[in-house]
Amino acid sequence: MIKAAFCDDDLSVLNELHVLMDNYRVERNQEITYTAFHSPLELIAQIEKGMRFDILFLDIDMPELSGIQLASKFRDNGLDTTLVFVSSHDDFVFETFRYNAYRFVRKNKLLSDTQEMISSFCAALKMKSVIVRLDLDQQRTLEQKVSGIAYFYSIRHDIYFVTAQKESIRLAMHTYTMNELEKQFTEKGFIRVHRSYLVNYA
């Protein structure tokens, strides 16, 4: 289940997003709930009451608080959620980079930008739950979430992976090569940044 929130002072944009999400939910059989906020202050109040969302669509240009100001407040308070900025002004895109925004949706391309973004977001969430089985020394195996692997690295013929908690674990000797791991994990979001390193892009 994905919980989304839209915050925009333009009711027509909120209505369009509402229709887009309804259509996507039906076409892709994806469980999505969403809440629309006409006021950024209302969104802040609900989050302060404990309401949580997986993804927030923030209009950049709003009279009470801009989407940029909202993002700054949320990040300062340690709110861990995916941010998507929505605007009719393309020149704002560079200001959103510092908040690690997932996407920048243009209002004049609301349909295409939102469809691409939500498809990518749903695929990324699905990938986070993927579990792989890795062979370790002494005939041990480990089931590991892909999202919990930060990167693989090799030292001579030994290959290790580092967890999100920075623990380094050696794989079974003579079982893997970096080339084989690259083939297996490229579709899971990993990038070969060096002949000895395969990094989880996420």
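**Reading the labels on a predicted model**

User: In this predicted model, which residues is S196 in contact with, leaving aside its neighbours within four places in sequence?

Analyst: With those neighbours left aside, S196 is in contact with F152, Y153, S154 and M178. Contact here means that heavy atoms lie within 4.5 Å. S196 itself is found in the loop between β11 and β12.

User: Why is S196 called buried?

Analyst: The relative accessible area of S196 is 13%. Buried means under 20%, so S196, at 13%, is counted as buried.

User: What makes V193 exposed rather than buried?

Analyst: V193, which is found in strand β11, has a relative accessible area of 56%. The term exposed applies over 50%; therefore V193 is exposed. V193 also helps to make a nonpolar surface patch of about 450 Å², together with I191, Y197 and Y201.

User: How do you know that K107 and D8 meet in a salt bridge?

Analyst: The distance from N to O between these side chains is 3.2 Å. A salt bridge requires a side-chain nitrogen of Lys or Arg within 4 Å of a carboxyl oxygen of Asp or Glu, so the pair K107 and D8 qualifies. K107 lies in the loop between β5 and α4, and D8 in the loop between β1 and α1, so the pair ties together parts that are 99 residues apart in sequence.

User: What makes K107 partly exposed, and D8 buried?

Analyst: K107 has a relative accessible area of 23%, and D8 has one of 2%. Buried means under 20% and exposed over 50%, with partly exposed in between. Therefore K107 is partly exposed, while D8 is buried.

User: Which residues are linked with K107 in a network of salt bridges?

Analyst: The network links D8, D59 and K107. K107 forms a salt bridge with D59, the closest N and O atoms being 3.4 Å apart. Because D59 lies in strand β3 and K107 in the loop between β5 and α4, this pair ties together parts that are 48 residues apart in sequence. D59 counts as buried, at 2% relative accessibility.

User: Why is the pair D22 and R25 called a salt bridge?

Analyst: The N to O distance is 2.7 Å, and the limit is 4 Å, so D22 and R25 satisfy the rule. Both residues lie in helix α1, three residues apart, about one turn of the helix. D22 is partly exposed, with a relative accessible area of 23%, and R25 counts as partly exposed at 31%.

Technical notes. Residues are numbered from 1 along each chain as its sequence is written. This is a predicted model: local features need pLDDT of at least 70, side-chain atom pairs count only at pLDDT 80 or more; totals for chains, interfaces and linings use all residues. Side-chain values use heavy atoms; hydrogens and water are left out. Patches are made of residues with over 30% relative accessible area and no salt bridge: like charges are joined within 9 Å, nonpolar side chains (Val, Leu, Ile, Met, Phe, Trp, Tyr) within 5 Å. Accessible areas come from the Shrake-Rupley method with a 1.4 Å probe; for residues, only the protein chains shown count as cover. Helices (H or I, at least four residues) and strands (E, at least two) are DSSP runs, numbered from the N terminus. Buried means under 20% relative accessible area, exposed over 50%, partly exposed in between (1.4 Å probe, protein chains only).
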